[in-house]
Every structure is written in C-alpha cells, then in structure tokens.
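Could you walk me through this structure in my viewer, one selection at a time? I would like to know what to pick next and what is there.

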Amino acid sequence: MASKGNMEEFFACLAADTTFMSALQTNALSTQEDHCIVHAAVQAQFSDTAITLEDFWCLFARHSDVAPLYLSRAVHAHRKWQKKHHNVECGAKQTLAKDLGLKGDTLPYAKLAEAIPNFEIIICNHVDSDKHKRGTILVDVGNEDLLADLTAPSLAVPPPGEDWYVVTPQKSAMFVNTEGKIELVVIHGACGTCLDILEYVNSVISEAVQDHKGVHPNHGGELIQYGWNAGAHHLCVFGLVNNLTQKTHKNLTDDEHQQKDGAILGILALTWNLLTKTLPEEVVAPTRAAIADAGLPPMASKEDISEHGYYLDLPCG
C-alpha cells in the first residue's frame, strides 16, 4: 500500500510531465500515455506492478487531496469536457433513434397498418410446400428453357390463372393467411430519409466483402461470414468464424482488426434494432423468445466477445 508521501510524489511527477499534461489539457488522454503513468509510479516508488490510465483515475478519485493544484485543475477541466461531450453524443444518438423510428414499443400488425402510410394487409394462403419435393427449382413462367439441361424437379410460377403481386416502392404490404398468421412483410422506407446512414452501411459492407473469407467457389455474388456459426452439415461445431482472409489478417494491427469487426457489428446492431422496431409484434416476439430459449450469446467477433464492442461511425457523430 502506498504511503501519502509516495502518492503525493506520484502526482507531482505527473504534473511535471509535459507529455501527460499536454494530453490531459487538450482532452487527448489515452492509453498511449500509460508509459508516463508507469514512469511516475517508478519515480514515486510506490508500486511494483504496471500502472495504467484507468488506475490513475481511481487513484486520483481516492487521493485528490494530495495532488498538486495544477494537476487537479486540469483533471476537473477534463472531466467537465467529458460530461459535455457525452451529453452531445447522447443528444445525437437520441436524434438518430427518433429519425429512424427506433423509439417506442413494437406494434401489432393491426396498429402497424395504421401507423405506416400506404400499408395494405392482404389475405392470402401460400402454396402447400408438401406438394413439392425439397430442392425443387422455381422458375418464372416463360423462362422454363433455362432449366432444360437440369434433371432436378422444377416448378413454373406463378401457376395458371394467377399473377405476381407487385409491391411498388411507394407502398408497403403484409400477407396474412386465413388463420391470421403472417406469411410475408414488405415495408418500404424503413430508413426514412437517412441516406447518409445507408451510404455508411453500404461502405462497411463493401469493405467487408473485400476482406471476406469462406465464399464457396461455385457461388455467384459475395458472402460475408461474421459472428457465431453452427458449422457445416457434416461437422456441426458451434463457434465464431474467421471472417478475414489470412492475408488480410496478417496485414492488420489488433486495433485495425477490432475497428473492422466493430464496424460490422455496428451495422448488425443497427439492422437488428430497425427490424425489431419496424416489424410487427407477432413476428418480433416469437423471434426473441426463440433466441432466448436457444441460449444464443450476444453477437461478437472471434477477436472480441464483449457485449459492447461495436460502434457506428455516422456523419452525425
């Protein structure tokens, strides 16, 4: 346990450290200043273990009475700035949540139809899937020739006497069967006018596609692996996937890797919140219950399984 004299000398050393004080006074203090704190602890001879920035905050809270006035004033000014900065961030988050419609409770589909403009509820039963074998290939009527070389069973849709139902961009629709169960939901404009958010999400996806790992060579398009995976059909092992190619992984620092993972996790979190606030309660409630019953852990990356490792680097801050 450090004596009062050791603690006083520790704070005096930090107050005399121009690098540490400059970072503190410009609100740029980070773990990069840990070496300053370690040096001060060695000079004060009060600790045999490495002292970090987090330890400094705890020590100052307990022993601020022996800290030099110069250091105390800088710490108090920094904390005042932190509080103001935190309030600005909270305000931006609240504004974003309001613009995206993330506030309020999930609505049952009857009330959702009243809340969303041009929303139509359509009573329709889907085709009984038991009538067709698993692996049946669907093809548009008129394009049957595309399957001429295939031996797999196929089904031309829509069947005779029926036609596609087109949900135009200006409308939203929900298909409910005669038992009152929801078959399909199409909701347009869920992101409102937040085009900057869509641009950000697309940029994260594009970058993840470049870094992707695990795309089947015979698959068209791109596939991004991330988070928890139950493994292949022949080898079911539940765990976190390697979402980066070996080459990309080697060329990244730990901070860069965490930044990439945090960005992907951020847009997944944003998507989940949009879904749970936009879709009807009849869809959201059983989905939440199934996740809880399965005991699924929070979404994470292989390098970081903490529950608060994501961020959204949005234009609003």
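Begin with F175 and L184: in this predicted model, L184 of strand 5 is the bridge partner of F175. Now widen the selection to residues 172-176, which form strand 4; strand 4 and strand 5 pair in the antiparallel sense over four bridges.

Add strand 1 and you have an open sheet of three strands, in the order 1-4-5 and with mixed pairing. Its edges are strand 1 (119-123) and strand 5 (182-186), each of which pairs on one side only. If you look along the sheet, neighbouring strands are turned by 15° against each other on average, direction ignored.

Next, select A113, which lies in helix 6. Is A113 buried or exposed? A113 is buried, with a relative accessible area of 18%, because the cut-off for buried is under 20%. Show its surroundings: leaving aside neighbours within four places in sequence, A113 is in contact with F119 and I121. For a distance label, try A113 and S172, which are 59 residues apart in sequence but 9.0 Å apart in space, C-alpha to C-alpha.

Stay in this region and pick N118, in the loop between helix 6 (109-115) and strand 1. Its phi is near 55°, a positive value in a residue other than glycine. Most residues other than glycine have a negative phi, and most peptide bonds are trans. N118 is exposed, with a relative accessible area of 53%.

Another backbone angle to check is that of N27, in the loop between helix 2 and helix 3. N27 is not a glycine, yet has a positive phi of about 60°. At 25% relative accessibility, N27 counts as partly exposed.

For an unusual peptide bond, go to V157 and P158: the bond joining them is cis, with omega about -5°. P158 sits in the loop between strand 3 (154-157) and strand 4.

Now turn to the helices. Select helix 2 (residues 18-25) together with helix 5 (residues 69-99): the two pack at an angle of about 35°, with their axes 9 Å apart. Show side chains for F20, M21, L24 and Q25 of helix 2, and for Y70, L71, A74, V75 and H78 of helix 5, which make the contact. Colour these by type and you get seven nonpolar, two polar and no charged residues.

Keep L24 selected. Beyond residues up to four places away in sequence, L24 touches L29, W57, L71, A74, V75 and H78.

Which residues have the most contacts inside the largest nonpolar core? They are F10, F11, F20, L24, I37, F56 and L71, in a core of 26 residues. Helix 1 (4-15), helix 2, helix 3 (34-44), helix 4 (53-63) and helix 5 each supply at least two residues of this core. Apart from this core lies another, of 18 residues, and L96, L102, Y226 and A263 are among them. In soluble globular proteins, nonpolar side chains tend to be buried together.

Last stop: helix 7 (residues 195-211). Its 17 residues reach 25 Å from first C-alpha to last, close to the 24 Å expected at 1.5 Å a residue. Highlight I197, Y200, V201, V204, A208, V209 and D211, the buried residues of helix 7. An α-helix has 3.6 residues a turn, so residues three or four places apart point the same way.

Technical notes:
Residues are numbered from 1 along each chain as its sequence is written. This is a predicted model: local features need pLDDT of at least 70, side-chain atom pairs count only at pLDDT 80 or more; totals for chains, interfaces and linings use all residues. Side-chain values use heavy atoms; hydrogens and water are left out. The expected span of a helix is 1.5 Å times one less than its number of residues. Buried means under 20% relative accessible area, exposed over 50%, partly exposed in between (1.4 Å probe, protein chains only). Axes are lines fitted to C-alpha atoms, for helices over the stretch in contact, and angles run from 0 to 180 degrees between N-to-C directions. Contact means heavy atoms within 4.5 Å. Ala, Val, Leu, Ile, Met, Phe, Trp, Tyr, Cys and Pro count as nonpolar, Asp, Glu, Lys and Arg as charged, and the others, Gly among them, as polar. Two strands pair if DSSP finds at least two bridges between them. A nonpolar core is a set of buried Ala, Val, Leu, Ile, Met, Phe, Trp, Tyr and Cys residues joined through side-chain atoms within 4.5 Å.
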